[in-house]
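User: I have a model open here and would like to go through the reasoning behind its labels. Could you walk me through it?

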Amino acid sequence: MEYQLYTLPNGIRIMYKYAPSTVTHACILINAGSRDELPNQEGLAHFIEHLLFKETERRSTTQILNRLELVGADLNAYTTKEYTCIHASFLNPYLERTIDLFEDIVFHSTFPEDELEKERGVIQDEIASYLDQPEEAIMDDFEELLFKDHPIGKNILGTTETVSCLSRDDMKQFIATNYNTNEIIFAVVGDYDFKKVSKLGDKYFGGIAPNYTHKHRVTPSLATVGRHIIHKPISQTHCVIGNTAYASSHRNKTGLLLLNNLLGGMGMSNRLNLEIREKYGIAYTIESNYTALTDTGIFSIYFGTDAEKADKAARLVHKELKKLREQKLSTLALHQNKQKFIGQIALAEENRMSLIISMAKSLVDFNYVDTLPQLFEKINNVTASQLLEISNEIFDESKMMTLLFEPKQ
């Protein structure tokens, strides 16, 4: 994961990783997401992300969309609780074309009223579509309950009500307050000389006015616990069981990542899948997830099953969690799970777009990026005693929250 870095006078950083290929992957990562929205502005960061692909001071919507697609490139973007990311994959000769477009849409979008109104309708349709997918909607409702009244708990898309009220002035103010140049990374993985990448970065981003506005993020307080049921016009029961977890800088993050992978991570051999799907045939989908944020984290287990099987599935989930709280992993089991996790990470590096975005996030959060050997060393240093300690802290049934979407009778 060795990389080269060049910081512009305005604070924007140019990150480059060499990879011998005819295809380049690039992103511009901005440390601004839905948690930075003001009350009653839910959905603003995501709305801005949509409108970045509309008109700029020198390009129409069609010109923006055609700029890369006409040369076979893929251009897209997404918004999370803490970041906005625009990314593209393209053939190597089109690096300058991509940097030029990124600079234009991020720093020179005009947010015209006609485009704003059209996209407002598109996003409201997106919200409605999302609500029609209970396996997706339950995660948002779970986080809203877990982080009650805190921005982290709010839906990234917003609601139809909040989106209907967002204005052009709201967007300009959000950008002025949150698009800090010292928290913006332009990252490239491809086959170039670093001098070329840094020179192009300077050419297109060097003239951007510096913005060092102080971002004030409030750390969430204690999370909600207990059991919550929502009845919906659905045919299956959907369930999420979870808890707040470690922040991205916590010393136990690597241990919890390892536990999450063992419990319900990638592949079919994780404990939850073997016990609940393979042994009992209760659920088609069962998985666990751990998301680390800058000042907190979210651990969750999701499954969907027939209503009459939901209680048994939940009992089996808690049975597996209890095992991890009470039984230290054997030396062999610990070694096997470490090797599995390390192998998955090594394979994931082949997805170079995901890799460069992950590196950019690490640079924003920590000002450094671990090499693969450093990352593997952290995993190998995790002990069975640490995993037992983590399990008792995070998987404590009395501290966990359960949310159920149950079919209406």
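Analyst: Gladly! Keep in mind that this is a predicted model. Let's begin with the second largest pocket, which holds about 460 Å³ of space. Its lining counts 24 residues, and the closest to its centre are Arg 35, Asp 36, Glu 37, Leu 38 and His 216.

User: Which helix gives the most to the lining of the second largest pocket?

Analyst: That is helix 7 (residues 168-178), with 6 residues. By class, the pocket's lining has 10 charged, 8 polar and 6 nonpolar residues.

User: Asn 178 lies in helix 7. What makes Asn 178 buried or exposed?

Analyst: The label follows from a cut-off: buried means under 20% relative accessible area. Asn 178 has a relative accessible area of 5%, so Asn 178 is buried. Leaving aside residues up to four places away in sequence, Asn 178 touches Asn 31, Ala 32, Asp 36 and Lys 215.

User: How do you know what touching means for Asn 178?

Analyst: Contact means heavy atoms within 4.5 Å. Asn 31, Ala 32, Asp 36 and Lys 215 count as touching Asn 178 on that basis.

User: Now for enclosed space. How many cavities of 30 Å³ or more does the structure hold?

Analyst: The structure holds 1. The largest cavity has a volume of about 40 Å³.

User: Why is it called a cavity and not a pocket?

Analyst: The word cavity is used where a 1.4 Å probe fits but cannot get out, whereas a pocket is an open set of points. Lining the largest cavity are Leu 259, Leu 324, Gln 327, Lys 328, Leu 329, Ala 384, Leu 387, Leu 388 and Ser 391. Helix 15 (residues 384-394) supplies the largest share of this lining, 4 residues.

User: What makes the lining of the largest cavity divide into nonpolar, polar and charged residues?

Analyst: Leu and Ala count as nonpolar and Lys as charged, while Gln and Ser fall among the others, as polar. The lining therefore divides into 6 nonpolar, 2 polar and 1 charged.

User: On to the sheets. What is the strand order in the open sheet of 6 strands?

Analyst: The order is 1-2-6-3-5-4, with mixed pairing. Strand 1 (4-7) and strand 4 (74-79) stand at the edges, each with a single partner strand, so one side of each has no neighbour in the sheet. On average, neighbouring strands of this sheet are turned by 15° against each other, direction ignored.

User: How do you know that strand 4 and strand 5 pair?

Analyst: Two strands pair if DSSP finds at least two bridges between them. Strand 4 and strand 5 (residues 84-91) have 6 bridges in the antiparallel sense, so they pair. Within strand 5, Ala 88 is the bridge partner of Leu 75. Helix 3 (residues 95-107) packs on the sheet, where it touches strand 3 (23-30), strand 4, strand 5 and strand 6 (184-190).

User: What makes strand 7 and strand 9 edge strands?

Analyst: They belong to an open sheet of 5 strands with the order 7-11-8-10-9. Strand 7 (226-232) and strand 9 each pair on one side only.

User: Why are strand 9 and strand 10 said to pair?

Analyst: The requirement is at least two bridges. Strand 9 (residues 285-292) and strand 10 (residues 297-305) have 8 bridges in the antiparallel sense, so they pair. Thr 285 stands opposite Gly 304 in strand 10, and the two strands form a hairpin with 4 residues between them.

Terms used
Residues are numbered from 1 along each chain as its sequence is written. This is a predicted model: local features need pLDDT of at least 70, side-chain atom pairs count only at pLDDT 80 or more; totals for chains, interfaces and linings use all residues. Side-chain values use heavy atoms; hydrogens and water are left out. On a 1 Å grid over the protein atoms alone, a cavity is a set of points where a 1.4 Å probe fits but cannot get out, and a pocket is an open set with protein on both sides within 12 Å along at least five of seven lines; lining residues have an atom within 4 Å of a point. Grid points are joined across faces, edges and corners, and a volume is the space filled by probe spheres set on the points. Axes are lines fitted to C-alpha atoms, for helices over the stretch in contact, and angles run from 0 to 180 degrees between N-to-C directions. Buried means under 20% relative accessible area, exposed over 50%, partly exposed in between (1.4 Å probe, protein chains only).
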